[in-house]
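Student: I have a chain open on my screen and would like to go through it step by step. Can we start with single residues and then move to the whole chain?

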Amino acid sequence: MVDPSDLPHVVRTGDHRRFYGTVVQRKDHLERRDGGGYDAAEYKKHPERYRSTFAEKIAPYMSVLVNGIFYLPGEPRLLTVEDAKRLLPRRPIPAALPVGVPEIPHRLLAVADVSCDVGGSVQFMTEETTLDNMFNVYNPHTRQHIAGNYLRDGVLVMMVENQPAQLPRESTDYFGNQLYPYVPELIKANWNVPFDQLDLNPSLKNAIITYGGKLTPNYEYISALRAERERRPDM
């Protein structure tokens, strides 16, 4: 694993027989529009004051992006439709594949959106894929997602909403093992008190989405998100 700031150096001098990975956090690509670095408290209240430099500082050096960001309207996107055009220049496709290792037309080869937010932080991810047909190719110049033929101009994309269902036994075992230690506390809890008086481990309490028929404070943003989606059905 390398630091995101080291990606340009890795591309120039790294061992191309090895895989290099990095984890990108907000502080690595967000900056104030009027100048200055990233402030987590301010960004939470005023994301519109920030812009993402992901397309400039990180995306040009990556081959595969695995995105897990939950996107809210008004937040800066990781990659826009226009970013995709710059990162994926139009190149002619040869009539026949050359012998040996073919030339790669652009560095970015694949995007997997685990969050499965259609038109979200990766704006051009607008079509979900399925477990039966997990991949398609997005062409940034026609803005089309094409399935069934991967020898096309563009980037391979995957956005499966129920991805854990691909590994049902492993997923069930993992989630069950994580939840099991908390079961006694869940059984003993007094669920008749107001939410702010509910005595639970913070890991459990912070995971409760609704309580008494209402969204809990951590998830009240869902109401705003739903209202925005109803106002803008094209999202």
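Student: Is Cys116 buried or exposed?

Tutor: The model is a predicted one. Cys116 sits in the loop between strand E4 (110-113) and strand E5 (136-139). Its relative accessible area is 12%, and buried means under 20%. Cys116 is therefore buried.

Student: Which residue in the loop between E5 and strand E6 (144-146) has a positive phi although it is not a glycine?

Tutor: Cys116 has a positive phi of about 55 degrees without being a glycine, but Cys116 belongs to the loop between E4 and E5. In the loop between E5 and E6, a positive phi of about 60 degrees is found at a residue that is not a glycine either. That residue is Arg143.

Student: How does Arg143 count in terms of accessibility?

Tutor: Buried is under 20% and exposed is over 50%, with partly exposed in between. Arg143 has a relative accessibility of 47%, so the class is partly exposed.

Student: What is the strand order in the open sheet of 5 strands?

Tutor: The pairing in this open sheet is mixed. Strands of a sheet pair through backbone hydrogen bonds, either parallel or antiparallel. The order is E3-E4-E7-E5-E6.

Student: Which strands of that sheet have one side left without a neighbour, and why?

Tutor: A strand at the edge has a single partner strand, so one of its sides has no neighbour in the sheet. The two strands at the edges are E3 (64-67) and E6.

Student: Which residue in E6 is the bridge partner of Tyr138?

Tutor: E5 and E6 run antiparallel and are joined by 3 bridges. Tyr138 takes part in a bridge to E6. Its partner there is His145.

Student: What is the area of the nonpolar surface patch that includes Leu179?

Tutor: Leu179 lies in helix H6 (residues 168-179) and counts as partly exposed, at 44% relative accessibility. The patch is made by Leu179, Tyr180, Val183 and Ile187. Its area is about 440 Å².

Student: What share of the accessible surface of the protein chain belongs to carbon and sulfur atoms?

Tutor: The chain has 9 helices and 9 strands, and of its 235 residues 31% count as buried. Its accessible surface comes to about 15800 Å². The share belonging to carbon and sulfur atoms is 53%.

Notes: Residues numbered from 1 in each chain as written. Predicted model: local features only at pLDDT ≥ 70, side-chain atom pairs only at ≥ 80, totals over all residues. Heavy atoms only, no water. Helix = DSSP H or I, 4+ residues; strand = E, 2+ residues; numbered from the N terminus. Buried < 20%, exposed > 50% of the residue type's maximum accessible area, 1.4 Å probe, protein only. Patch = residues over 30% accessible without salt bridge, like charges linked within 9 Å, V, L, I, M, F, W, Y side chains within 5 Å. Areas by Shrake-Rupley, 256 points an atom, 1.4 Å probe, with all protein chains shown as cover. Salt bridge = Lys/Arg side-chain N within 4 Å of Asp/Glu carboxyl O. Pairing = 2+ DSSP bridges.
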